Amino acid sequence: MFYLAIWIFLGALPWSLPQRSCPESAASPKRTAPIDPAVILDLANAGLAAGSSIPRVLSALATACREPRLAQVSRALIFGVSWELAWSLLRQNSQSPEWARYLSQALEPAWKDGVSPEALLKGTGIRVRAEKDQRARQAAQKLSVRLVVPLGICQLPAFILLGIVPVILAGLEEL
């Protein structure tokens with residue numbers, strides 16, 4: 001009974017202690033995971049299917065992705081800057097988000113030639129998802145090859161000790 005009371009006390013202890021705040025998490029800026037390019041393409045497609053213009057969709061994506069440079073691209077397109085020059089505003093230190101290249105390539109024919117962007121965005125989204133799936137499959141194949149040796153090192157002694165040794169000992173007992 002004494003041990004049960006100790007376990008209950010230790011189990012309830014974390015809920016009875018006062019809460020402490022972590023100053024490290026409050027001081028460090030919150031990092032967000034990179035956004036999947038296929039999701040960006042789907043959002044752009046939904047916005048354009050709803051009847052918005054390309055600059056308006058880019059402005060909405062800038063708000064959704066927390067990417068102010070995309071809003072600059074949108075404003076530059078509204079003011080008549082060329083497509084390449086406007087998208088160069090998104091590059092920072094000669095790097096841009098992964099999704100920017102796909103979005104730019106999918107929307108460029110729509111902006112320059114008036115082609116419907118729906119098929120371009122859907123096709124690019126399918127291609128991005130297929131590339132991601134292929135990379136995941138290749139990584140899984142590499143992982144399975146790398147796990148063969150450690151699993152062999154761990155499983156082989158266990159198999160010998162638990163499977164073969166008892167059979168040999170049982171056979172020796174009968175002699």
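Are Trp83 and Trp87 buried or exposed? Both of these tryptophans are buried. Keep in mind that everything shown here comes from a predicted model.

**View 1. Trp83 and Trp87 sit together in helix 6.** Helix 6 covers residues 83-88, and this close-up picks out two of its tryptophans, Trp83 and Trp87. They are four residues apart, which is about one turn of the helix. A search of the whole structure turns up two aromatic pairs. In one of them, the ring centres of Trp83 and Trp87 are 5.6 Å apart and the planes meet at 50°, so this pair counts as tilted. As for Trp83, its relative accessibility is just 3%, so it counts as buried, the cut-off being under 20%.

**View 2. Trp83 also pairs with Trp111.** Here the two rings are 6.0 Å apart, centre to centre, with 35° between the planes, and again the pair is tilted. Trp83 belongs to helix 6 while Trp111 belongs to helix 7 (residues 98-113), so this pair ties together parts that are 28 residues apart in sequence. Trp111 has a relative accessibility of 33%, so it counts as partly exposed. Step back a little and you get a cluster: ring pairs link Trp83, Trp87 and Trp111.

**View 3. Arg101 lies over the face of Tyr102.** This one is a simple picture of two residues. Arg101 is placed 4.4 Å from the centre of the Tyr102 ring.

**View 4. Ala62 is tucked into helix 4 as a buried residue.** Helix 4 runs over residues 54-65, and Ala62 is part of it. What does Ala62 touch, leaving out residues up to four places away in sequence? Its contacts are Glu67, Leu70 and Ala71. With a relative accessible area of 7%, Ala62 falls under the 20% cut-off, so it is called buried. Look for Ser74 as well: 12 residues separate it from Ala62 along the chain, and the C-alpha atoms of the two are 8.8 Å apart.

**View 5. Two cysteines, Cys65 and Cys154, in a structure with zero disulfides.** How many disulfides does a search of the whole structure find? The answer is zero. Why is Cys65 called buried? Its relative accessibility is 15%, and buried means under 20%. Cys154 is another story: its relative accessible area is 53%, and because exposed means over 50%, Cys154 counts as exposed.

Methods: Residues are numbered from 1 along each chain as its sequence is written. This is a predicted model: local features need pLDDT of at least 70, side-chain atom pairs count only at pLDDT 80 or more; totals for chains, interfaces and linings use all residues. Side-chain values use heavy atoms; hydrogens and water are left out. Buried means under 20% relative accessible area, exposed over 50%, partly exposed in between (1.4 Å probe, protein chains only). Contact means heavy atoms within 4.5 Å. A disulfide is a pair of cysteine sulfur atoms within 2.5 Å. Rings of Phe, Tyr and Trp (its six-membered ring) pair if their centres lie within 6.5 Å; planes under 30 degrees apart count as stacked, over 60 as edge-to-face and the rest as tilted. A charge sits over a ring if NZ of Lys or CZ of Arg is within 6 Å of the ring centre and within 35 degrees of the ring normal.
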